[in-house]
Amino acid sequence: MLDRTSTLFSHVKGGEGDYVSGGLRDFFLYRDLGIAAATHGKVIAHLVKANMPPEEGTGWHRHEADFQIVIMLKGWARFMYEDKETLVEAGDCVHQRPGISHYLFDYSPDMEYLEIVSPADFKSIDVEPVCEIPKPTPWTS
């Protein structure tokens, strides 16, 4: 049975909370959904959207996390998951198994996704390159 006493009720309305910089990646903006506070750090959920064109991408890395999903809400992003290129489009859901080496290298100007990770204070660890990365698609004005 679930322990309902260890987490709090949370409701963040659609118009509440701003997208801010200072998250994991400089070229994205993040909107906290209040889940880390409600779960006392067990889970984080935030909206992430493109802020700048993809020039270098995220670099090869892995996360020290027990659980991570990305649900693409708008636009698209291209990832390398180990040596496999993966196009993630609006409506897609990706479960990133713990420890998988990956690289987000390209995304559309309107890209926006929901990311849910446990624990909330997960770590990103740089890893050795797995393979060559394709060039990103230039943004046009």
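Between which two strands does the loop that holds Glu 82 lie? In this predicted model, the loop with Glu 82 connects β5, residues 76–81, to β6, residues 84–89. Glu 82 counts as partly exposed, because its relative accessibility is 31%, and partly exposed covers the range between the 20% limit for buried and the 50% limit for exposed.

The surroundings of Glu 82 are drawn from several parts of the chain. Once its neighbours within four places in sequence are set aside, Glu 82 is in contact with Trp 60, with Arg 97, Ile 100 and Ser 101, and with Val 130 and Cys 131. With one of these residues, Arg 97, there is also a polar contact, in which the two side chains meet at 2.6 Å. Ala 38, by contrast, is 44 residues from Glu 82 along the chain, and the C-alpha atoms of the two are separated by 33 Å.

Two of the contact partners of Glu 82, Arg 97 and Ile 100, appear again in the lining of an internal space. A search of the whole structure finds 2 cavities of 30 Å³ or more, and the second largest has a volume of about 50 Å³. Its lining includes Arg 97 and Ile 100, together with Gln 96, Pro 98, Gly 99 and His 102, and it also takes in His 63, Ala 65, Asp 66, Phe 67 and Gln 68. Sorted by class, the residues that line the second largest cavity are 4 nonpolar, 5 polar and 2 charged.

The largest cavity encloses about 150 Å³. It is lined by 15 residues, of which Arg 25, His 61, His 63, Tyr 113 and Glu 115 are the closest to its centre. His 63 therefore belongs to the lining of the largest cavity as well as to that of the second largest, since lining residues have an atom within 4 Å of a cavity point. Strands that each supply at least two residues to the lining of the largest cavity are β1 (28–32), β3 (61–64), β4 (67–74), β8 (102–107) and β9 (112–118). The classes in this lining are 7 nonpolar, 6 polar and 2 charged residues.

The cysteines can be considered last. Cys 131, which is in contact with Glu 82, counts as partly exposed because its relative accessibility is 25%, whereas Cys 93 is exposed, because its relative accessible area of 53% is over the 50% limit. The search of the whole structure finds 0 disulfides.

Terms used: Residues numbered from 1 in each chain as written. Predicted model: local features only at pLDDT ≥ 70, side-chain atom pairs only at ≥ 80, totals over all residues. Heavy atoms only, no water. Disulfide = S-S within 2.5 Å. Buried < 20%, exposed > 50% of the residue type's maximum accessible area, 1.4 Å probe, protein only. 1 Å grid on protein atoms, 1.4 Å probe; cavity = no way out; pocket = protein on both sides within 12 Å on 5 of 7 lines; lining within 4 Å. Points joined across faces, edges and corners; volume = space filled by probe spheres on them. Helix = DSSP H or I, 4+ residues; strand = E, 2+ residues; numbered from the N terminus. Nonpolar A, V, L, I, M, F, W, Y, C, P; charged D, E, K, R; others polar. Contact = heavy atoms within 4.5 Å. Polar contact = N/O pair within 3.5 Å; in protein donor to acceptor, adjacent residues only side chain to side chain.
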